[in-house]
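Here's a quick walk through one model, with an eye on charged pairs, one helix face and an enclosed space. Have a look at it first.

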Amino acid sequence: MSVSAVLLAAGRGERLGSDRPKAFARLGERPLLAESLERLDASTWVETIVVAAPEGWEEPVILLAEELGCQKVGEVVTGGARRAESVRAGVAGVPADAHVILVHDAARPLLEDIVVERVLTPLSQGWDGAVPGMPLADTVKRVEGETVVETLDRSSLFAVQTPQAFAAETLRQALEGDISAASDCSSLVEARGGRVKVVPGDPRLLKVTTAADLERVTALL
């Protein structure tokens with residue numbers, strides 16, 4: 001399978017309290033983006049990478065890729081105001097002959113190649129897509145206002161991570177039409193009747209949203 005990765009790095013990072021986009025917040029001695037970009041470039045599974053950059057930061061992304069010696073970055077596109085818009089822009093930059101599109105958030109920098117392998121394997125078994133997921137440890141309740149209305153059975157609930165992998169044509173079709181309400185790529189594929197498999201996630205694949213998250217991830221480097 002020919003695999004192209006779309007790396008989403010267009011988030012503004014307002015909750016980080018940074019004066020720059022989240023992708024360029026400091027993770028150790030480097031920009032946050034450098035970690036996932038380098039790992040995808042080194043992946044034995046990925047052939048090409050498209051980066052969805054913050055508007056106005058396209059050139060710094062290109063320079064960072066060159067500085068890191070990343071050879072697989074084929075295109076840097078301008079991301080959108082919403083995540084789904086960045087996905088659509090990134091997918092538009094993927095080579096037409098790609099069989100599989102892997103979508104990953106730069107906000108989850110500690111990506112191991114074994115997770116990439118896990119989400120790609122189901123696609124060779126007939127699945128339309130695959131996502132890494134972690135079983136929920138806490139009790140989950142549905143609340144209306146301030147009132148608990150239901151305690152959910154957590155045995156069937158998972159917290160989903162990225163990277164998410166999809167048959168290229170399936171994802172392209174799922175991105176047609178209104179995508180404004182999409183929380184992730186899988187929800188778009190599911191809405192069109194696609195079969196998406198959950199595979200084991202990685203507890204280290206933490207998402208950086210706040211300054212405290214950044215500190216936690218830095219400690220794991």
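Is E176 buried, partly exposed or exposed? E176 is partly exposed, with a relative accessible area of 47%; buried here means under 20%, exposed over 50%, and partly exposed in between, using a 1.4 Å probe on the protein chains only.

A bit of bookkeeping. This is a predicted model, so local features need pLDDT of at least 70 and side-chain atom pairs count only at pLDDT 80 or more, while totals for chains, interfaces and linings use all residues. Residues are numbered from 1 along each chain as its sequence is written, and side-chain values use heavy atoms, with hydrogens and water left out.

**Salt bridges**

Side chains of opposite charge can pair when their charged atoms come close. With a salt bridge taken as a side-chain nitrogen of Lys or Arg within 4 Å of a carboxyl oxygen of Asp or Glu, a search of the whole structure turns up eight. Here are three of them:

| Pair | Closest N to O distance |
|---|---|
| R39 and E35 | 3.0 Å |
| E150 and R142 | 3.0 Å |
| R192 and E176 | 3.8 Å |

Take R192 and E176, which form a salt bridge. R192 sits in the loop between α6 and β12 (196-200) and E176 in the loop between α5 and α6, so the pair ties together parts that are 16 residues apart in sequence. Helices and strands are DSSP runs numbered from the N terminus: H or I over at least four residues for a helix, E over at least two for a strand.

R39 and E35 stay inside one element: both are in helix α1 (residues 32-42), four residues apart, or about one turn of the helix. E35 is buried at 12% relative accessible area, whereas R39 is partly exposed at 22%. This pair also belongs to something wider, since salt bridges that share partners join R30, E35, E38, R39 and E112 into one network.

For the E150 and R142 bridge, both ends count as partly exposed: E150 has 34% relative accessibility and R142 has 38%.

**The buried side of α3**

Which residues of α3 are buried? They are A84, S86, V87, G90 and V91. They share one side of α3 because they cover an arc of only 155° around the axis, the arc being that of the directions from the helix axis to the C-beta atoms. What covers them includes β1 (3-8), β4 (48-53), β5 (73-78), β6 (100-105), α5 (168-174) and α6.

**The cavity**

There's one cavity of 30 Å³ or more, and its volume is about 40 Å³. On a 1 Å grid over the protein atoms alone, a cavity is a set of points where a 1.4 Å probe fits but cannot get out, and lining residues have an atom within 4 Å of a point. Grid points are joined across faces, edges and corners, and the volume is the space filled by probe spheres set on the points.

Its lining consists of R83, A84, V87, L175, A182, S183, D184, C185 and L188. α3 (83-92) and α6 (185-191) each supply at least two of these residues, and α3 gives the most, with three.

**One last helix**

E58 is in helix α2 (residues 58-68). Apart from neighbours within four places in sequence, E58 is in contact (heavy atoms within 4.5 Å) with A53, V76, V77 and T78.

Methods:
On a 1 Å grid over the protein atoms alone, a cavity is a set of points where a 1.4 Å probe fits but cannot get out, and a pocket is an open set with protein on both sides within 12 Å along at least five of seven lines; lining residues have an atom within 4 Å of a point.
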